[in-house]
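Here is a set of exercises to work through with the model open beside you. Try each task yourself before reading its solution.

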Amino acid sequence: MMPEMFCAADLRSFNTFGISEPAERLVLVDNEQQLRGALALADREGWPVTLLGGGSNMIVAGSVRGLVIGMRSRGRRVLRRGQGSAVIEGEAGENWHRLVGWSLDQGLHGLENLSLIPGTLGAAPMQNIGAYGVELCDLFDSLDALDRTTGEVCRFERDTCRFGYRDSLFKQQAGRFVILRVRLRLYTQPAPRLDYAPLAAAWQATGLARPDSRVVSQLVCQIRRSKLPDPAQLGNAGSFFKNPLLPPEQAASLLATWPAMPHYPQGDGSVKLAAGWLIEQAGWKGHCRERVGVHREQALVLVNLGQARGVDVMALAADIQRDVQAKFGVALEMEPQLIGG
Ligand code: EPU
């Protein structure tokens with residue numbers, strides 16, 4: 001049976017930035033059958049479709065035409081457990097952080113560095129979520145997605161997903177695939193990843209001799225809480241811009257002027273800069289406007305100071321981009337997906 005469809009639905013509680021803009025129609029689906037029903041209806045009526053996971057990586061720029069479909073499918077399981085690794089599978093609507101906790105409860109390791117990332121499992125591969133030295137693609141096994149152009153469910157292995165920094169095939173071909181369920185390959189023994197210096201320091205300070213994934217998870221949560229605002233208290237969409245990747249020559253010339261600039265050489269020769277640092281140097285950290293601002297602890301995060309509308313957020317983002325371009329000659333690319341408007 002088709003679930004209830006809401007008209008002129010306020011999206012405020014469906015995006016972590018807390019932007020209040022209406023969706024022409026909204027439906028929440030629990031399974032593939034309901035999803036197919038909603039897509040078929042939209043096709044018949046000619047409504048454009050917008051898929052919504054946890055709404056943690058999107059900015060609602062204005063009212064959203066057509067049909068917004070919220071993925072609410074639940075379920076998770078250990079598919080198989082081998083000598084060194086195990087494969088878990090979860091439905092797209094599963095909450096990411098709860099899945100991380102559940103995997104640790106199963107005695108499985110690997111997801112601890114990705115603790116407390118807001119959003120759903122189904123949205124995680126879209127932008128290849130990453131934090132504290134680990135990216136989803138490091139632990140990815142495969143996923144099932146509905147191809148809207150053929151109506152078929154396709155299985156994608158890791159090498160077909162075109163994972164990159166905050167990027168994937170599903171993001172590049174936005175709107176084509178609806179991710180239904182995701183499989184991750186985790187470790188049966190602790191496999192700590194402590195490359196991120198503040199995490200390594202926090203681990204050292206515990207004095208523990210044996211690796212402990214739960215402790216690492218707790219430390220990651222502490223670090224996140226110290227820098228990133230809790231969306232339940234202060235609306236935000238995490239990092240608002242991607243960290244820019246520069247050709248080596250451009251990075252070298254910037255470093256000559258700004259020797260203290262954080263920079264991370266990549267495997268392909270390019271150099272990643274810290275957008276938060278660039279924004280702070282451009283004088284935006286802690287900036288407050290009437291309804292939006294730049295977080296005091298982390299300049300890469302734009303925050304909702306109350307009643308923010310999409311236009312407020314986009315105006316602030318444009319001002320920051322302009323200043324960073326003028327000061328450093330670097331173009332900042334927005335990280336969250338933009339819908340509506
Ligand atoms: N920095 C500043 N000022 C700031 C913010 C950062 O100088 O206001 C400097 C820091 O001191 C550090 C460097 O910039 O030297 C990097 O900062 P941080 O380690 O906080 O990480 P980030 O590059 O700002 C990225 C991800 C985060 C992820 C962290 C930790 C992106 C766009 N963001 O942030 O992901 O949690 O690394 O791995 O890649 C997200 O995607 O929403 C997100 C929060």
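**Exercise 1.** How many residues are in the hairpin that joins β6 to β7? Once you have that, follow β7 to its other partner.

*Solution.* A word before starting: this is a predicted model.

Step 1. The hairpin connects β6 to β7 through three residues.

Step 2. Strand β6 covers residues 76-81, and its pairing with β7 is antiparallel, over five bridges. Within this pair, Arg-81 stands opposite Ala-86 of β7.

Step 3. Now look at strand β12 (residues 177-187): seven bridges join β7 to β12, and these two strands also run antiparallel. Ala-86 appears again here, with Leu-186 as its bridge partner in β12.

Step 4. Finish with burial. In strand β7 (residues 85-91), six of the seven residues are buried, so the strand is mostly covered.

**Exercise 2.** Work out the strand order of the open sheet with four strands, and find the helix that packs on it.

*Solution.* Step 1. The order is β1-β2-β5-β3, and the pairing is mixed.

Step 2. The edges are β1 (5-10) and β3 (49-52), each of which pairs on one side only.

Step 3. Neighbouring strands of this sheet are turned against each other by 35 degrees on average, direction ignored.

Step 4. Take the pair β2 (residues 22-29) and β5 (residues 64-71): the two pair in the parallel sense, over six bridges. Leu-28 stands opposite Gly-70 in β5.

Step 5. Helix α1 (residues 32-45) packs on the sheet and touches β1, β2, β3 and β5. The direction of α1 makes about 170 degrees with that of β5.

**Exercise 3.** Describe the open sheet of three strands, then place Ala-274.

*Solution.* Step 1. The order of this sheet is β14-β16-β15, with antiparallel pairing. Its edge strands are β14 (245-246) and β15 (263-265).

Step 2. Between β14 and β16 there are two bridges, and Leu-246 stands opposite Val-271 in β16.

Step 3. Ala-274 sits in the loop between β16 (271-273) and α8 (275-281).

Step 4. Is Ala-274 buried or exposed? The cut-off for buried is under 20% relative accessible area; Ala-274 has 14% relative accessibility, so it counts as buried.

Step 5. Leaving aside neighbours within four places in sequence, Ala-274 is in contact with Asn-243, Pro-262 and Tyr-264. By contrast, look at Gly-306: Ala-274 and Gly-306 are 32 residues apart in sequence and 27 Å apart in space, C-alpha to C-alpha.

**Exercise 4.** Compare Thr-120 with Leu-116 in the loop between α2 and β8.

*Solution.* Step 1. The loop lies between α2 (96-105) and β8 (130-131), and Leu-116 is in it. Thr-120 is found in the loop between α2 and β8 too.

Step 2. Thr-120 has 11% relative accessibility and therefore counts as buried, whereas Leu-116, at 22%, counts as partly exposed.

Step 3. Beyond neighbours within four places in sequence, the contacts of Thr-120 are Gly-53, Gly-54, Ala-92, Gly-93, Glu-94 and Trp-96.

Step 4. Check the backbone of Leu-116: phi is near 65 degrees, a positive value in a residue other than glycine. Arg-162, in the loop between β11 (152-157) and α4 (169-172), likewise has a positive phi, of about 50 degrees.

**Exercise 5.** Which element gives the most residues to the largest nonpolar core?

*Solution.* Step 1. This core has 45 residues; Phe-17, Leu-278, Ile-279, Leu-302, Ile-320 and Val-324 have the most contacts inside it.

Step 2. Elements giving two or more residues include β2, β5, α7 (248-257), α8 and α9 (310-328).

Step 3. Among the elements, α9 gives the most, with six residues.

**Exercise 6.** Test whether the chain as a whole agrees with a compact globule.

*Solution.* Step 1. The chain contains nine helices and 19 strands.

Step 2. For 341 residues, a compact globule would have a radius of gyration near 20 Å; the chain has 20 Å, so the two agree.

Step 3. The C-alpha atoms fill a box of roughly 60 × 55 × 35 Å along the principal axes.

Step 4. Buried residues make up 50% of the chain. Of the contacts with a separation of 6 or more, 62% come from residues 24 or more positions apart.

Conventions
Residues are numbered from 1 along each chain as its sequence is written. This is a predicted model: local features need pLDDT of at least 70, side-chain atom pairs count only at pLDDT 80 or more; totals for chains, interfaces and linings use all residues. Side-chain values use heavy atoms; hydrogens and water are left out. Two strands pair if DSSP finds at least two bridges between them. Axes are lines fitted to C-alpha atoms, for helices over the stretch in contact, and angles run from 0 to 180 degrees between N-to-C directions. Contact means heavy atoms within 4.5 Å. The radius of gyration is taken over C-alpha atoms; the globule rule is 2.2 Å times the number of residues to the power 0.38. Buried means under 20% relative accessible area, exposed over 50%, partly exposed in between (1.4 Å probe, protein chains only). A nonpolar core is a set of buried Ala, Val, Leu, Ile, Met, Phe, Trp, Tyr and Cys residues joined through side-chain atoms within 4.5 Å.
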